[in-house]
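Open the model in your viewer and get ready to select as you read. Each stop below says what to pick and what is there.

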Amino acid sequence: MTHTIPGFDQQRVTVDEGVGLNVAVGGSGAPIVLLHGFPQTHLMWRHVAADLAADHTVICPDLRGYGASDKPREDGPHTYSKRTMAQDIVTLARALGHERFALAGHDRGALVAFRAGLDHPDAVTHLACLDVLPTLDMWEALHGTSAAVGFHLYLMAQPPGLPEAMIEASADTFFAHFLDLWAKDPDAVPGPVRQAYLDACRGAVPSIVADYRASAGIDVEHDKADRAHGRQLTMPVSVLQQDWGAALGYEAAALWSAWAADLDHSTVSCGHFMAEEAPQDITEALRALMKR
C-alpha cells in the first residue's frame, strides 16, 4: 500500500537521468515545497500540507533515495550530494510550472533546502529549516562524549559495505530507534504511519547511507567553499529547532546568523518530529515566513 497525504494528487516527475521523484501535490496559490527528514517520507508533512493547501500550492516529494522515489546506485560522491538533491527539487518545481517557490525542509530535507537556497537564490523565495545545523557546523559542534547522540552520522560516514551490512541486518530495529528516541509525543507518529516509515527505510538502506556518507564528505567541501567565499542565503530564512545547543555546547542562532542575514530563529517545545508533534506551530511559522 502506498501512503500519501489525503486529498493530494500523487505524481512521478523525472528530475535527472534515470531518477524520478514521487511527489504529492495539493492546493492552489503561491507554491511551497516541503522536504521530509530521516527516517521519514513526504507523509511527515500530512498535517501542515493540508492546512497550507487552503491558499498555497503545496508540493511534497520523497527525496532521491527515500520513500517511493528512485534510488540510484551511489556512483561517486555526487550521486547523493545535497547539491545534486537540491537540483532535483528545483527541476521538480519547474516541471510543475514553478520557477520560484518557497522551500521548507526538516532534518535531511533541511540540508537539501539549505543547499538549494545557496545554489539557487533566484528560485527560492523563502527558506525554512527545521531542527538541523548546516552540515559543516553540525560536524564542528559534535565533540567528546556528547557526540554519541550522533552515532549514526559516524556509522554511515564509513566507506561502502560495512554500514549497509550492519543496518540491513537489523533495519527495523535501527530505524525504529530514532522514531522512538526523537519523539517527545509518540502518538504523533501513529502505528500505520510508523510502519510506513519503517517499510520505506528497510527498502532504501544503501541510498540512505549514501545520503549520509555525502554529508561527511562532499557536502562539507561545498559548505567550506561557501564559507571561504562569504556566501550567504539572500532570502528571508526561518530556523526552528529544539535546544540542542544547551546539550552540545553551541549557540544555534549565532551559527545560523553567519549564513543568513535575514534570519528568524526560534526554539520549539516539542520533539524532533516537529511537523507531526507541533503541526499548528509549524504551519503558523511558515505562514509568517512567507509574509516577510
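The tour goes from the whole chain to the sheet, then to the core, and ends at single residues.

**Stop 1: the whole chain**

Start with everything shown as a cartoon. Keep in mind that this is a predicted model. The protein chain holds 14 helices and eight strands. Its radius of gyration is 17 Å, close to the 19 Å that the globule rule gives for 292 residues, so the chain is as compact as a globular protein of that length. Turn the C-alpha trace along its principal axes: the spans are about 45 × 45 × 40 Å.

Now colour by burial. Of the 292 residues, 58% count as buried. Contacts also reach far along the sequence. Take the contacts with a separation of 6 or more: residues 24 or more positions apart account for 76% of them.

**Stop 2: the sheet**

Select the strands. They include an open sheet of eight strands, in the order 1-2-4-3-5-6-7-8 and with mixed pairing. Which strands stand at the edges? Pick residues 9-16 for strand 1 and 263-267 for strand 8. Each has a single partner strand, so one side of each is left without a neighbour in the sheet. Look along the sheet next. On average, neighbouring strands are turned by 20° against each other, direction ignored.

Zoom in on strand 3 (30-35) and strand 5 (101-106). These two strands pair in the parallel sense, over four bridges. Show Ile32 and you will find it opposite Ala102 in strand 5.

**Stop 3: helices on the sheet**

Add helix 3, residues 108-119. Helix 3 lies across strand 3, strand 5 and strand 6, and runs at about 145° to strand 5. Then add helix 14, residues 279-290. Helix 14 packs on the sheet and touches strand 3, strand 4 (56-61), strand 5, strand 6 and strand 7 (237-241). Its direction makes about 150° with that of strand 6.

**Stop 4: the nonpolar core**

Which residues of the largest nonpolar core touch the most other members? Select Leu34, Trp45, Leu103, Phe175 and Leu286. The core has 105 residues in total. Helix 3 gives the most to this core, with seven residues.

Stay on Phe175. Leave out residues up to four places away in sequence, and Phe175 touches Phe38, Pro39, Ile167, Leu198, Cys201, Arg202, Val205 and Ile208.

**Stop 5: helix 7**

Select residues 171-181, which form helix 7. Its buried residues are Ala171, Phe174, Phe175, Ala176, Phe178 and Leu179. Check the spacing of these residues as you look. An α-helix has 3.6 residues a turn, so residues three or four places apart point the same way.

What do the buried residues of helix 7 pack against? Add helix 5 (151-155), helix 6 (162-168), helix 8 (191-202) and helix 9 (205-215).

Now pick Thr173 in helix 7. Is Thr173 buried or exposed? Thr173 counts as exposed because its relative accessibility is 56%, and the cut-off for exposed is over 50%. The side chain of Thr173 makes a polar contact with the side chain of Ser170, at 3.2 Å. Try a distance in your viewer, too: the C-alpha atoms of Thr173 and Leu198 are separated by 9.1 Å, with their positions 25 residues apart along the chain.

**Stop 6: backbone details**

Most residues other than glycine have a negative phi, and most peptide bonds are trans. The next selections depart from that.

- Select Phe38 and Pro39. The peptide bond from Phe38 to Pro39 is cis, with omega near 0°. Pro39 sits in the loop between strand 3 and helix 1 (46-52).
- Select Asp107. Its phi is near 60°, a positive value. Asp107 sits in the loop between strand 5 and helix 3, and is buried, at a relative accessible area of 8%.
- Select Asp131. Phi is near 60° in Asp131, again a positive value. Asp131 is in the loop between strand 6 (124-130) and helix 4 (135-141). It counts as buried, at 5% relative accessibility.

**Stop 7: His222**

Finish in helix 10, residues 218-228, where His222 lies. His222 is buried, with a relative accessible area of 12%. Which residues is His222 in contact with, leaving aside neighbours within four places in sequence? Show Ser81, Arg83 and Arg115.

Terms used
Residues are numbered from 1 along each chain as its sequence is written. This is a predicted model: local features need pLDDT of at least 70, side-chain atom pairs count only at pLDDT 80 or more; totals for chains, interfaces and linings use all residues. Side-chain values use heavy atoms; hydrogens and water are left out. Buried means under 20% relative accessible area, exposed over 50%, partly exposed in between (1.4 Å probe, protein chains only). A polar contact is a pair of N or O atoms within 3.5 Å; within protein, one must be able to donate a hydrogen and the other to accept it, and residues adjacent in sequence count only if both atoms are side-chain atoms. A nonpolar core is a set of buried Ala, Val, Leu, Ile, Met, Phe, Trp, Tyr and Cys residues joined through side-chain atoms within 4.5 Å. Contact means heavy atoms within 4.5 Å. Two strands pair if DSSP finds at least two bridges between them. Axes are lines fitted to C-alpha atoms, for helices over the stretch in contact, and angles run from 0 to 180 degrees between N-to-C directions. The radius of gyration is taken over C-alpha atoms; the globule rule is 2.2 Å times the number of residues to the power 0.38.
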